[in-house]
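This report describes selected features of one protein structure. It takes up salt bridges, an internal cavity, a strand pairing and the surroundings of one residue.

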Amino acid sequence: MPVRTRLAPSPTGDPHLGSAYAALFNRAFAKRNGGQFILRIEDTDRTRNSVESEAAIFDALRWLGLDWDEGPDVGGDKGPYRQSERTAIYKEYIAKLISVGGAFHCFCSKERLDELRRDQMQRGATPKYDGKCLALDSGEIDERIARGDSHVIRLGVPDKGECRFVDGVRGEITIPWSQVDMQVLIKSDGFPTYHFASTVDDHLMGISHIFRGEEWISSFPKHQLIYRYFGWDMPLHYHLPLLRNPDQSKMSKRRNATSINYYRRCGFLRESLLNYLATMGWSMPEEREKFSMEEFYGEFNPERLSPRGPVFDIEKLSWLNGLYIRELTSEELKERVFDWAFGGNRLDRLLSLVRERSERFDDLFRQADYILGDRIELKEEDFEHRNLELDEIRKILHFVNKSLEELEEWNRDNLYESLNLLSKSMSLKFRDFLGPIFVAVSGRTVTLPLFDSLELLERDVVKMRIRSAIDVLGGISKKESKRLDREWRDLVSTQSS
């Protein structure tokens with residue numbers, strides 16, 4: 001059987017470091033075994049997908065050198081490679097699954113399901129669907145569908161026994177069926193959920209091996225059931241350990257930079273970032289920490305994968321990056337630095353901002369230092385404001401980060417509109433509201449136009465600077481963060497009503 005691996009990201013935000021992590025091991029295994037690496041876009045979440053996010057995924061993966069053999073933009077004989085273009089396929093296969101008793105129609109209302117979940121949680125039971133619609137006969141189902149009643153299609157799950165499977169990293173795993181929910185496979189809008197679409201696509205695209213994060217272990221039984229109902233052979237799975245912070249907590253965008261573009265924007269070389277990711281849960285036979293991708297592909301063996309959560313330490317990555325920088329020739333370094341600082345139309349955009357504000361060439365660097373390099377180190381007194389208390393400033397910065405996270409298209413006009421609306425919702429003068437943001441992003445109170453600066457710096461850099469500014473102001477506890485999140489959601493709901 002030919003080796004075929006895949007990466008299947010959702011185009012719902014900035015390209016994630018976890019996607020690069022999974023892509024690296026999937027691609028390495030395919031290359032090591034003379035196979036193909038496929039990119040498939042999981043875009044069935046119509047409320048969150050964006051064309052911009054898909055384009056950013058392509059760009060980030062290609063910047064890293066993680067190109068693919070088949071995919072939406074390069075073609076292949078197993079396409080289409082966007083799930084939104086495969087709905088007719090899912091319709092055909094869900095009908096087959098229902099016919100063999102592997103799935104059923106569910107007409108339960110959201111209110112009933114919410115009440116069921118509350119009751120189960122109060123009793124300490126595992127929250128899951130109770131199977132109420134399993135008893136519906138075909139006549140009633142046909143009648144309700146013809147009447148236009150809203151419904152979903154769920155996976156049939158055994159009520160006894162357990163799911164057993166062998167994971168390539170962890171060995172044998174057992175999960176009781178009593179812990180597995182009757183997963184929604186087709187939503188009320190007719191679109192499939194990830195669980196159904198991905199299993200059908202993996203089979204039809206001939207995927208033989210899957211390297212993915214360990215957070216998918218709990219979903220494995222649902223996928224195994226679908227394969228069994230259809231009588232298909234299942235790909236071999238390797239669940240990679242989650243990337244962790246130095247304190248062993250899970251690496252997440254609420255605490256860390258998780259976008260590939262953040263590391264790109266901060267001046268990390270693609271070679272060092274890939275090298276470092278390759279050491280996350282895997283090691284060279286002689287435990288070498290620095291190696292090329294050619295060496296990695298030549299040595300990669302999944303038997304050397306460890307289930308222990310690897311620590312993603314930016315200081316260690318910086319050290320490794322320094323080794324790679326010092327190996328560059330002068331010409332290579334000059335080319336890399338220029339591309340990092342002024343690549344694309346970045347120089348044109350910077351010059352358009354400083355032209356009318358400059359009298360000498362060195363004014364460019366004086367005005368744009370926080371864009372070309374890191375922001376100066378902040379102190380609490382930098383945020384002293386005649387109209388705002390420190391607690392209010394922390395709230396502003398927290399709300400701003402929440403709003404920036406939700407912004408779909410990252411450009412100056414959208415940034416202005418989003419933050420202007422937020423300031424009005426908080427009943428703050430826009431000038432007062434923007435003051436702490438200027439300081440958090442640039443380290444000073446007067447900068448180049450703020451919204452152009454935010455666009456140039458890009459989302460993850462801006463969010464990390466704001467997050468570090470909040471830490472300078474004493475930070476926000478988990479309890480306070482939950483309270484502020486609720487307050488922010490109330491503001492957002494007020495804006496949309």
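## Salt bridges, cavity and local contacts

A network of salt bridges links Arg 6, Arg 40, Glu 42, Arg 86, Asp 201 and Asp 202. The structure under discussion is a predicted model. Across the whole structure, a search finds 48 salt bridges.

Within the network, the side chains of Arg 86 and Asp 201 meet in a salt bridge with an N to O distance of 2.7 Å. This pair links distant parts of the chain, 115 residues apart: Arg 86 lies in the loop between helix H2 (51–64) and helix H3 (87–99), while Asp 201 belongs to helix H6. Arg 86 is buried because its relative accessible area, 2%, is under 20%. Asp 201 is likewise buried, with a relative accessible area of 0%.

Two further salt bridges also join separate parts of the chain. The side chains of Asp 14 and Arg 459 meet at 2.9 Å, N to O. Asp 14 is placed in the loop between strand E1 (4–7) and helix H1 (17–32), and Arg 459 in helix H19 (residues 459–472), so this salt bridge ties together parts that are 445 residues apart in sequence. Asp 14 counts as partly exposed, at 30% relative accessibility, whereas Arg 459, at 9%, counts as buried.

In the other salt bridge, the closest N and O atoms of Arg 336 and Glu 271 are 2.5 Å apart. Arg 336 lies in helix H12 (residues 330–342) and Glu 271 in helix H9 (residues 270–278), so the pair ties together parts 65 residues apart in sequence. Arg 336 is partly exposed at 25% relative accessibility, and Glu 271 is partly exposed at 28%.

The three pairs are set out below.

| Salt bridge | N to O distance |
|---|---|
| Asp 14 and Arg 459 | 2.9 Å |
| Arg 86 and Asp 201 | 2.7 Å |
| Arg 336 and Glu 271 | 2.5 Å |

Attention now turns to the interior. A search of the whole structure finds one cavity of 30 Å³ or more. The largest cavity holds about 40 Å³ of space. Its lining is made up of Arg 6, Ser 198, Thr 199, Asp 202, Ile 210, Arg 212, His 223, Tyr 227, Pro 235 and His 237. Helix H6 (194–204), strand E8 (209–213) and helix H7 (220–230) are the elements that each give two or more residues to this lining. H6 provides the largest share, three residues. Sorted by class, the lining of the largest cavity has three nonpolar, four polar and three charged residues. Arg 6 and Asp 202 appear in this lining and also belong to the salt-bridge network.

A strand pairing is found elsewhere in the chain. Strand E5 (residues 162–167) and strand E6 (residues 171–176) pair in the antiparallel sense over six bridges. The two strands, E5 and E6, form a hairpin, with three residues between them. Arg 164 has Thr 174 in E6 as its bridge partner.

The last site is that of Asn 261, which lies in helix H8 (residues 260–265). Asn 261 is buried, because its relative accessible area of 17% is under the 20% limit. Apart from neighbours within four places in sequence, Asn 261 is in contact with Pro 15, Ala 60 and Glu 458.

Conventions:
Residues are numbered from 1 along each chain as its sequence is written. This is a predicted model: local features need pLDDT of at least 70, side-chain atom pairs count only at pLDDT 80 or more; totals for chains, interfaces and linings use all residues. Side-chain values use heavy atoms; hydrogens and water are left out. Helices (H or I, at least four residues) and strands (E, at least two) are DSSP runs, numbered from the N terminus. Buried means under 20% relative accessible area, exposed over 50%, partly exposed in between (1.4 Å probe, protein chains only). Contact means heavy atoms within 4.5 Å. On a 1 Å grid over the protein atoms alone, a cavity is a set of points where a 1.4 Å probe fits but cannot get out, and a pocket is an open set with protein on both sides within 12 Å along at least five of seven lines; lining residues have an atom within 4 Å of a point. Grid points are joined across faces, edges and corners, and a volume is the space filled by probe spheres set on the points. Ala, Val, Leu, Ile, Met, Phe, Trp, Tyr, Cys and Pro count as nonpolar, Asp, Glu, Lys and Arg as charged, and the others, Gly among them, as polar. Two strands pair if DSSP finds at least two bridges between them. A salt bridge is a side-chain nitrogen of Lys or Arg within 4 Å of a carboxyl oxygen of Asp or Glu.
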